[in-house]
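Here is a short report on one protein model. Keep the structure open beside the text while reading.

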Amino acid sequence: MAINKTGAAHWEGGIKDGKGTISTETKALDAYPYGFASRFEGKPGSNPEELIGAAHAACFTMALSLILGEAGLKADALDTSARVTLDKLDDGYAITAIHLTLKGKVPGTDQVTFESLAGKAKAGCPVSKLFKAPITLEATLVG
């Protein structure tokens, strides 16, 4: 059974002077602004790369929760950030890397096991499977 979720964008104008909005089906984002300045110049607004990062972090963290449960473990806390790197190449821009940083508080495990389980989550997460760019992971067990 396929599950379909929708994200949408609206754009008006040229690449540098134009403005757009991003919306999600659930209205978590509802006509949230984005544009050239927010993507490339650090101005207020969103951009596709931070949304990809948030989606990847969320997917990976949920996948890890599943894998921990399968190993008889349960997290007190999992905090993940995903740094998405956008580089200018000869043929235009491309996402060239994604780095996941995970801090987890998981009673009953050790660093080596935690890293192994996190690696399985990184490989199995549906969002990870989308990317051609290399995905690295730094997992730290705390507490």
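Arg 39 and Glu 49 form a salt bridge, with their closest N and O atoms 2.5 Å apart. The model is predicted, so this distance is a computed one. Arg 39 sits in helix H1 (residues 36-40) and Glu 49 in helix H2, so the pair ties together parts that are ten residues apart in sequence.

The two partners differ in burial. Arg 39 is partly exposed, at a relative accessible area of 34%. Glu 49 is buried, at 8%. That value counts as buried because the cut-off is under 20%. Leaving out residues up to four places away in sequence, Glu 49 touches Arg 39, Val 84 and Leu 86. Glu 49 and the distant Gly 143 are 94 residues apart in sequence, and their C-alpha atoms are 31 Å apart in space.

How many salt bridges does a search of the whole structure find? The search finds two. The other joins Lys 27 to Asp 30. Asp 30 is partly exposed, with a relative accessible area of 49%. The table lists both pairs with their closest N and O atoms.

| Salt bridge | Closest N and O atoms |
|---|---|
| Arg 39 with Glu 49 | 2.5 Å |
| Lys 27 with Asp 30 | 3.9 Å |

**Overall layout**

The protein has three helices and six strands. Along the sequence they follow the pattern β-β-β-α-α-β-β-α-β. The C-alpha atoms fill a box of roughly 55 × 35 × 30 Å along the principal axes. Of the 143 residues, 30% count as buried. Take the contacts between residues at least 6 apart in sequence: 50% of them join residues at least 24 apart.

**The sheet**

Three strands make an open sheet in the order E4-E5-E6, with mixed pairing. E4 and E6 are the edge strands, each pairing on one side only. From one strand to the next, the twist averages 15 degrees.

Strands of a sheet pair through backbone hydrogen bonds, in either a parallel or an antiparallel sense. Which sense does each pair use here, E4 with E5 and E5 with E6? E4 and E5 pair in the antiparallel sense over 13 bridges. A hairpin through two residues joins E4 to E5. Across this pairing, Leu 86 stands opposite Ile 95 in E5. Leu 86 is also one of the residues that Glu 49 touches.

E5 and E6 pair in the parallel sense, over seven bridges. Here His 99 stands opposite Thr 136 in E6. Lys 103 stands opposite Thr 140 in E6.

**Helices on the sheet**

H2 lies across E4, E5 and E6 and runs at about 140 degrees to E4. H3 packs on the sheet as well, touching E4, E5 and E6. The direction of H3 makes about 145 degrees with that of E6.

**The nonpolar core**

The largest nonpolar core has 23 residues. Those with the most contacts inside it are Phe 60, Leu 64, Leu 68, Leu 78, Leu 102 and Phe 114. Which elements give two or more residues to this core? They are helix H2 (48-70), strand E4 (77-89), strand E5 (92-105), helix H3 (111-124) and strand E6 (135-141). The largest share, seven residues, comes from H2.

Leu 102 shows how these parts meet. Setting aside neighbours within four places in sequence, Leu 102 is in contact with residues including Phe 60, Leu 64, Leu 78 and Phe 114. Those four are also among the core residues with the most contacts. Other contacts of Leu 102 include Ala 118, Leu 137 and Ala 139. Polar residues are on the list too, among them Asp 79, Thr 80, Glu 138 and Thr 140.

Thr 80 deserves its own look. This residue lies in strand E4. What does the side chain of Thr 80 make a polar contact with? The partner is the side chain of Thr 61, at 2.7 Å. Beyond residues up to four places away in sequence, Thr 80 touches Ala 57, Phe 60, Thr 61, Leu 100, Thr 101 and Leu 102. Two of these, Phe 60 and Leu 102, are again among the core residues with the most contacts.

Terms used:
Residues numbered from 1 in each chain as written. Predicted model: local features only at pLDDT ≥ 70, side-chain atom pairs only at ≥ 80, totals over all residues. Heavy atoms only, no water. Core = buried A, V, L, I, M, F, W, Y, C linked by side-chain atoms within 4.5 Å. Buried < 20%, exposed > 50% of the residue type's maximum accessible area, 1.4 Å probe, protein only. Helix = DSSP H or I, 4+ residues; strand = E, 2+ residues; numbered from the N terminus. Contact = heavy atoms within 4.5 Å. Polar contact = N/O pair within 3.5 Å; in protein donor to acceptor, adjacent residues only side chain to side chain. Pairing = 2+ DSSP bridges. Axes fitted to C-alpha atoms, helices over the stretch in contact; angles between N-to-C directions. Salt bridge = Lys/Arg side-chain N within 4 Å of Asp/Glu carboxyl O.
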